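Hi,

Here is the structure I said I would pass on. Have a look at it first, and my notes follow below.

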Amino acid sequence: MKMFRYAMRNKKFQEFLILTVVSCLVFSGCSRKEDRNSREESGQGGSTVGNGSAYTLDTKVADVISDPAFDGYGRLIFPVDRAIDEDLRLQDVEEILIWYNNVNPDRTVEIANYLKDHASSGEKIFYDIYTEEEKEEDPAKEDTGLFFFRGEPGAKTAIVNAGGGFSYVAAMHDSFPQALELSKMGYNAFALIYRPGAQTACEDLARAIAFLHENREELQIDTEDYSLWGGSAGARMAAWLGSYGTSAFGEDEYPAPAAVIMQYTGLSDVTGNEPPTYACVGTSDGIAPWIRFGRRYRCRRMD
């Protein structure tokens with residue numbers, strides 16, 4: 001796939017650049033229909049680890065949401081702002097992820113089982129970022145929080161923000177896969193579930209940054225030189241917090257990220273306060289055209 005790339009040179013940024021390239025591999029592979037045919041012939045698609053029955057391609061999304069292992073937050077694994085048919089199965093999650101294609105059903109099953117396995121083992125995988133009082137005052141904050149993909153204790157931290165056009169949060173395809181890969185490499189990765197809307201989404205990301213800094217000892221994470229990741233709308237969130245800071249969105253002033261990793265966004269404004277940034281966009285992307293992207297960065301084609 002032809003991509004455009006930009007990176008500001010910075011020693012702290014080099015490791016994040018490597019991680020981003022690895023993360024982009026998450027989205028490579030066959031189309032959903034072609035891949036499903038080969039899985040059905042071979043009988044693949046389910047996890048064989050963890051407590052209880054593993055999810056498979058035929059598992060209903062509603063059954064994942066209501067699984068007792070998730071203790072009330074299962075609904076946040078999937079977009080709460082999209083109507084989900086009670087018969088929708090994991091192999092068909094692409095149907096509710098508008099604007100996305102090449103959603104990998106096997107990856108969906110892997111992530112769902114990863115979350116279940118860790119939750120069933122007693123590990124805390126979801127954290128509220130707002131207090132009960134704040135959620136009572138604004139019920140929309142009930143649908144926010146951080147899914148924690150643990151790496152090594154004391155390792156560096158990344159916050160990954162899914163896209164969805166600021167109308168829903170496509171975490172299953174656009175933040176969970178990157179967070180899982182980062183955790184496999186030893187990093188502590190958090191996938192943010194936020195309130196749709198550019199302003200509220202950035203407020204939630206600012207709160208998430210504050211939450212991680214305030215609870216870093218309990219979480220056993222290193223928040224120094226943390227990174228912000230995002231695709232599409234999530235990329236805008238990462239860029240805006242990187243440029244304007246947490247205080248611009250209602251929180252105290254916390255350190256800026258050491259790196260911002262952006263995928264497929266048409267964001268073109270520049271403040272002059274941008275952290276070291278890696279960004280990529282496809283040349284055939286009709287939603288985030290590369291020509292707008294090029295106004296923000298000096299681009300180099302990767303063939």
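D71 sits in the loop between α3 (61-65) and α4 (105-120). This is a predicted model, by the way, so please read everything here in that light. D71 has a positive phi of about 50° even though it is not a glycine. With a relative accessible area of 66%, D71 is exposed.

F166 is another non-glycine residue with a positive phi, in this case near 60°. You will find F166 in the loop between β4 (156-161) and α6 (171-174). Its surroundings are another matter: F166 has 18% relative accessibility and therefore counts as buried.

F166 also leads to helix α8, since A198 touches F166 and W240, leaving out residues up to four places away in sequence. A198 lies in helix α8 and is partly exposed, with a relative accessible area of 30%. If you want a pair to check by C-alpha distance, A198 and M237 are 7.6 Å apart in space and 39 residues apart in sequence.

Now the overall picture. The chain has 11 helices and 9 strands. Of its 303 residues, 52% are buried. Among contacts with a separation of 6 or more, 73% are between residues 24 or more positions apart. The accessible surface of the chain is about 13700 Å², and carbon and sulfur atoms account for 46% of that.

On to the interior. In soluble globular proteins, nonpolar side chains tend to be buried together. Here, the largest nonpolar core has 87 residues, and the members that touch the most others are L115, F147, F149 and F176. Helix α8 (residues 198-214) gives this core its largest share, 9 residues. If you want one residue to click on, try F176: beyond its neighbours within four places in sequence, F176 is in contact with I77, I111, L115, F147, F149, A171 and A191.

Then the charges. Side chains of opposite charge can pair when their charged atoms come close. How many salt bridges does the structure hold? The count is 16 salt bridges, and these are the ones I looked at:

- D87 and K60 form a salt bridge through their side chains, at 3.2 Å from N to O. D87 is in the loop between α3 and α4, and K60 is in the loop between α2 (32-42) and α3, so the pair ties together parts 27 residues apart in sequence. D87 counts as partly exposed at 44% relative accessibility, and K60 counts as partly exposed at 26%.
- D143 forms a salt bridge with R75, with 3.1 Å between the closest N and O atoms. This pair links distant parts of the chain, 68 residues apart: D143 is in the loop between α5 (132-137) and β3 (145-149), and R75 is in the loop between α3 and α4. D143 is partly exposed at 26% relative accessibility, and R75 is partly exposed with a relative accessible area of 30%.
- R207 forms a salt bridge with E134, where the closest N and O atoms are 3.0 Å apart. The link runs from R207 in helix α8 to E134 in helix α5, distant parts of the chain that are 73 residues apart. R207 counts as buried at 16% relative accessibility, whereas E134 counts as partly exposed at 22%.
- R107, E110, E181 and K184 are linked in a network of salt bridges.

E274 has some polar partners too. E274 lies in the loop between β7 (259-263) and β8. At 18% relative accessibility, E274 counts as buried, because the cut-off for that is under 20%. The side chain of E274 makes a polar contact with the side chain of S243, at 3.2 Å. A polar atom of the E274 side chain also lies 2.8 Å from the backbone nitrogen of T271.

Last stop, the outside. Which residues make a nonpolar surface patch of about 320 Å²? I98, W99 and I287 do. I287 is in the loop between β8 (277-282) and α11 (290-296), and at 57% relative accessibility I287 counts as exposed.

Cheers

Conventions. Residues are numbered from 1 along each chain as its sequence is written. This is a predicted model: local features need pLDDT of at least 70, side-chain atom pairs count only at pLDDT 80 or more; totals for chains, interfaces and linings use all residues. Side-chain values use heavy atoms; hydrogens and water are left out. Patches are made of residues with over 30% relative accessible area and no salt bridge: like charges are joined within 9 Å, nonpolar side chains (Val, Leu, Ile, Met, Phe, Trp, Tyr) within 5 Å. Accessible areas come from the Shrake-Rupley method with a 1.4 Å probe; for residues, only the protein chains shown count as cover. A salt bridge is a side-chain nitrogen of Lys or Arg within 4 Å of a carboxyl oxygen of Asp or Glu. Helices (H or I, at least four residues) and strands (E, at least two) are DSSP runs, numbered from the N terminus. Buried means under 20% relative accessible area, exposed over 50%, partly exposed in between (1.4 Å probe, protein chains only). A polar contact is a pair of N or O atoms within 3.5 Å; within protein, one must be able to donate a hydrogen and the other to accept it, and residues adjacent in sequence count only if both atoms are side-chain atoms. A nonpolar core is a set of buried Ala, Val, Leu, Ile, Met, Phe, Trp, Tyr and Cys residues joined through side-chain atoms within 4.5 Å. Contact means heavy atoms within 4.5 Å.
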